[in-house]
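Morning, everyone. I have one chain to walk through today. Let me put it up.

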Amino acid sequence: PFYRINGAWVRGRGNHGTPTATYEDYSTEVISVLRDRLESGLAIEVQRGNLINELGYIQVLTAPPNMNMNIQLPLVTLTLEGESRDLRGIGEDTMGDFLEADSDEWLEHEGWLAGVQVSIVGWSLNPDERIELRKAIRRVIVGNLTVLADKGMSLPNLSLKDDDAVNGEFGDTPMYLVTGMFTCTAPVRVGHMAGGIIKDIDVEAQ
């Protein structure tokens, strides 16, 4: 620091320091949320008898299945097809700083709203089972709309269709697929906790 003393600038005592990285990722990872919701929801579908799987639940993978893996059909795979900035706010602020309920600290962040596309594929060896799998995927997504909204995911949309792989694509095994796309807008945020809230004020009369 410099001080103005008797018309002259006088240097004060100096010090040095190294900034500490305090940033954290507060983004919504859409594919992780979908995997969790689909795996939980499809397990209920198995319990209800709408789908049958020897594992007692439906596997939800984030990559196409390797037939050498320990897999049981039917199953579902999710793949991120794309994520790109969709909406920006002034100063890269899209949601405003907010108070974390658990810590009573303000979260300051920057980021944008991203358009996200996730490919959904349901794998089955039976065309009738494929119908039930498609209906179950749709039920689980619609049944979790409020959960998705709570995670910051807005404008969700789901498109599904049937595909047949019966011409040797998987060797001698015919595969009946449900293919589709889930799209939404989700927050991408990086920020840090900026200190606690003011809880007490002392006032002294002078």
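Start at the hairpin of strand 1 and strand 2. There are 2 residues between the strands, and N6 takes a positive phi near 55 degrees. Keep in mind that this is a predicted model. Strand 1 covers residues 2–5 and strand 2 covers residues 8–11. The two pair in the antiparallel sense, over 4 bridges. What is the bridge partner of I5 in strand 2? That partner is A8.

Now step back to the whole chain. We have 3 helices and 9 strands. In sequence order, the pattern reads β-β-β-α-β-β-β-β-α-α-β-β. The chain has 206 residues, and 31% of them count as buried. Next, the contacts with a separation of 6 or more. Of these, 68% are between residues 24 or more positions apart. The accessible surface of the chain is about 13300 Å². Carbon and sulfur atoms account for 49% of that surface.

On to the interior. The largest nonpolar core has 27 residues. Which of them touch the most other members? They are V30, L42, V76, L78, M153 and F182. Several elements supply at least two residues each to this core. The helices here are helix 1 and helix 2, the latter at 127–143. The strands are strand 5 at 75–87, strand 7 at 105–124 and strand 9 at 175–196. Helix 1 gives the largest share, 7 residues.

Look at F182 more closely. Leaving out residues up to four places away in sequence, F182 touches V30 and L34. Its list also includes V116, Q117, V118 and I120. Then come I141, L148 and M153. P156, N157 and L158 complete the set.

There is a second core, separate from that one, with 8 residues. Among them are L61, I71, A165 and L177.

Last stop, S40. This residue sits in helix 1, which runs over residues 30–47. Is S40 buried, exposed or partly exposed? The relative accessible area of S40 is 35%, so it counts as partly exposed. The cut-offs behind that are under 20% for buried and over 50% for exposed. One distance to go with it: S40 and I58 are 18 residues apart along the chain. Their C-alpha atoms are separated by 8.8 Å.

To recap, then. N6 has the positive phi in the first hairpin we looked at. Helix 1 supplies the largest share of the largest core. And S40, in helix 1, is partly exposed. Thanks, that is my slot.

Technical notes
Residues numbered from 1 in each chain as written. Predicted model: local features only at pLDDT ≥ 70, side-chain atom pairs only at ≥ 80, totals over all residues. Heavy atoms only, no water. Buried < 20%, exposed > 50% of the residue type's maximum accessible area, 1.4 Å probe, protein only. Contact = heavy atoms within 4.5 Å. Areas by Shrake-Rupley, 256 points an atom, 1.4 Å probe, with all protein chains shown as cover. Core = buried A, V, L, I, M, F, W, Y, C linked by side-chain atoms within 4.5 Å. Pairing = 2+ DSSP bridges.
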